[in-house]
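Biologist: I would ask for a close look at a single part of this model, namely the sheet and what packs around it. Please set it out as one connected account.

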Amino acid sequence: MNAMMRRAVIATAAVSMALSMAACGKAGDDKKSSDKAGDTKSIGLLLPENASSTRYESFDKPFIEAKVAALCPDCKVKYSNAEGSASKQKQQFDTLIAEGVKVIILDAFDAKSTQSWVKEAADKGVKVVAYDRLATGPVAAYVSFDNQKVGELQGQALVEALGAKAADANVVMINGDEADPNAALFKSGAHKVLDGKVKKVVYEASGEWKPTVAGQKIGTAITSLGKDGFQAVYSANDGMAAAIITQLKSSGINVPVGGQDAGIDAIQRIVAGDQAYTIYKAYKPLADSAGELAVNLLQGKDVKSIASSTIDSDTDKGIPAKLLEPKVVNKANVQSTVIADGLYKVTDICTGDYAAACAAAGLK
């Protein structure tokens, strides 16, 4: 090969290499652009715990996944459960953002701790739907029940369970976790009804949403007040109510106890006469609304057609909100509430130990 030909080959190779590098650079730029755009087909779902209530795994998660799939067949729900740990939930939240997820449905384990991470997410264009409890920070929308009303219904149901004895009754209150804004609303609503309709709230403490803690607190109440020192117990949820009822039974005390969440075990206790009532918050409408809000946000649509009212948090005002109506469930209306709605079948409730009680209650 002569010198002229060698120079031509080298020049051709150089041009080819330059074009190849330019193409690689463009591909890299495209990837960076895609990464920056984020994951437009995934919705994060972060639920708070699975110990004191079975509802999250049994109802909320599958209902939300089903609604998202119906509205956006090629969308994916990326799910994690905090298992009762605020720090674990923060890590899960950060992971979703790092993966490029642009919408997160968040049921905060500790709603007061979320302000900085929700703010950071919003600054990155990530929309947060506060689910069931109102997280602090600039959330894009909120869906829950009227939690003040939940507390009022709890208080009224307890008064009705006491009947004619209500005016002379002393009541023990075992509230939810003080870090949970919903717990404060339940407590406030219950006091709104109980104060003035019962003789006195003689003992009040936080059960921290933990059955073991609630059992310890009712034990303290029994020790300090005596077996005849109270005539009813308000429990903020069914998980704590179960532990309270066990402790009362072991002490030979039979007084009305109420709860919340309409868990299958609570319905069975109601049918058996061990628990006076629960509060039924229909999970499917709640989950469906969350799924609709998340898909609308993912697709850049307005949420006000779904969240038509507004609510203020400790940090932000005018948050688009959808608030659903809760219901009381007692022995008289088990058939017309949780069974009629398809939440449970009679066969789910009326297992061997409860068959006779179900028959007496007329469940069919």
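Modeller: Contact here means heavy atoms within 4.5 Å, and angles run from 0 to 180 degrees between N-to-C directions, with axes fitted to C-alpha atoms. The model is a predicted one. In it, helix H2, residues 55-71, lies across S1, S2, S3 and strand S4 (127-131), and its direction makes an angle of about 165 degrees with S1.

The sheet itself is open and built from seven strands, in the order S2-S1-S3-S4-S5-S12-S11, with mixed pairing. Its edges are strand S2 (76-81) and strand S11 (309-311), each of which pairs on one side only. From one strand to the next, the twist averages 25 degrees. Within this sheet, strand S1 (residues 39-47) and strand S3 (residues 101-106) run parallel and are joined by five bridges. Asp-39 stands opposite Val-101 in S3.

Turning to the nonpolar packing, the largest core has 69 residues, and Ile-105, Tyr-131, Val-233 and Leu-248 have the most contacts inside it. Helix H10 (residues 283-298) gives the most to this core, contributing eight residues. Val-233 may be examined further: leaving aside neighbours within four places in sequence, its contacts include Leu-158, Val-172, Ile-174, Ile-218 and Ile-244. Leu-248, Val-255, Pro-256, Val-257 and Gly-258 are also in contact with Val-233. A second core, separate from the largest, has 21 residues, among them Ala-121, Leu-134, Tyr-142 and Ile-319.

Terms used
Residues numbered from 1 in each chain as written. Predicted model: local features only at pLDDT ≥ 70, side-chain atom pairs only at ≥ 80, totals over all residues. Heavy atoms only, no water. Pairing = 2+ DSSP bridges. Helix = DSSP H or I, 4+ residues; strand = E, 2+ residues; numbered from the N terminus. Core = buried A, V, L, I, M, F, W, Y, C linked by side-chain atoms within 4.5 Å. Buried < 20%, exposed > 50% of the residue type's maximum accessible area, 1.4 Å probe, protein only.
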